[in-house]
Amino acid sequence: MPNQVEEFNAYREKMNDKILSGNHKIIKRIFNLDTNTYKEGHLDVKTKELLGLVASAVLRCDDCIKYHLETAYNEGITKEQMMETMEVATLVGGTIVIPHLRRAYEFWEELEKVNGE
C-alpha cells in the first residue's frame, strides 16, 4: 500500500509529465524558472527550501508545502529546523496556517517513517 510520500510523488510526476508533454512554452518556462530558483547560488539549497516552505505555508499550498518539506528533508534539514521554519510561517500567515502546519507535521512524520527513522 503506497504511503503519502509515494502517492504525492507519483501523482506529481504523472501530472508534470502530462503537462510538460504539450507545446506550452510559457508553462515550460515557469517550470524551468522554478527549478533554477531553488538551485545553489548565493543562498544554499537548504535556505532556499526553507524560504519556499514559509512562502508555501503562508500561501496555503499543501502540494508546495509537501514538495519543500521533502526536498528540505533530503537536504538534511532537521525536524527542529523544519518546526522553527513553520513557526515563522505561522506567525507571518496567522492562525489560518495552523491546518497546513498539522498536515506538514504529518507529512514530515511520513518522511521519517519512509526513511526508517
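These legends accompany several close-up views of a predicted model.

**Figure 1. The whole chain is built from helices.** Let us start with the overall picture: the secondary structure comes to six helices and zero strands, so that the order from the N terminus reads α-α-α-α-α-α. Along the principal axes, the C-alpha atoms fill a box of roughly 40 × 40 × 30 Å. The radius of gyration is 15 Å, which agrees with the value near 13 Å for a compact globule of 117 residues. Buried residues account for 31% of the chain. Of the contacts between residues at least 6 apart in sequence, 61% join residues at least 24 apart.

**Figure 2. Helix 5 has a buried side and an exposed side.** Helix 5 takes in residues 79-93, 15 residues in total. From first C-alpha to last it reaches 20 Å, close to the 21 Å expected at 1.5 Å a residue. Which residues of helix 5 are buried? They are Met82, Thr85, Met86, Ala89 and Thr90. These residues cover an arc of only 140 degrees around the axis, and therefore sit on the same side of helix 5. As a reminder, an α-helix has 3.6 residues a turn, so residues three or four places apart point the same way. Turn to the other side of helix 5 and you meet Glu80, Glu84, Glu87, Leu91 and Val92, which are exposed.

**Figure 3. Other helices cover the buried side of helix 5.** The cover over the buried residues of helix 5 includes helix 3 (45-58), helix 4 (62-74) and helix 6 (98-114). Follow the chain just past the end of helix 5 and you come to Gly94, which takes a positive phi of about 90 degrees.

**Figure 4. Asp62 and Arg103 form a salt bridge between helix 4 and helix 6.** This is one of three salt bridges in the structure. The two side chains meet with an N to O distance of 2.8 Å. The pair links distant parts of the chain, with Asp62 in helix 4 and Arg103 in helix 6, 41 residues apart. Asp62 is partly exposed, at a relative accessible area of 24%, and Arg103 is partly exposed too, at 37%.

**Figure 5. Glu112 and Lys79 form a salt bridge between helix 6 and helix 5.** Here the N to O distance is 3.4 Å. Glu112 belongs to helix 6 and Lys79 to helix 5; they are 33 residues apart, so this pair also links distant parts of the chain. Is Glu112 buried or exposed? With 15% relative accessibility, Glu112 counts as buried.

**Figure 6. Lys113 and Glu110 pair within helix 6.** In this salt bridge, the closest N and O atoms are 3.6 Å apart. Both residues lie in helix 6, three residues from each other, or about one turn of the helix. Their surroundings make a nice contrast: Lys113 is exposed, with a relative accessible area of 58%, whereas Glu110 counts as buried at 12%.

**Figure 7. Lys48 is buried without a salt bridge.** Lys48 has its place in helix 3. Which side chain of opposite charge is nearest to Lys48? The answer is Glu40, at 7.7 Å. For a salt bridge, the nitrogen has to be within 4 Å of a carboxyl oxygen. Leaving aside residues up to four places away in sequence, Lys48 touches Thr37, Tyr38, Lys39, Glu40, Gly41 and Leu43.

Methods. Residues are numbered from 1 along each chain as its sequence is written. This is a predicted model: local features need pLDDT of at least 70, side-chain atom pairs count only at pLDDT 80 or more; totals for chains, interfaces and linings use all residues. Side-chain values use heavy atoms; hydrogens and water are left out. Helices (H or I, at least four residues) and strands (E, at least two) are DSSP runs, numbered from the N terminus. The expected span of a helix is 1.5 Å times one less than its number of residues. Buried means under 20% relative accessible area, exposed over 50%, partly exposed in between (1.4 Å probe, protein chains only). The arc is that of the directions from the helix axis to the C-beta atoms. Contact means heavy atoms within 4.5 Å. Lys and Arg count as positive and Asp and Glu as negative; His and the chain ends are not counted. The radius of gyration is taken over C-alpha atoms; the globule rule is 2.2 Å times the number of residues to the power 0.38.
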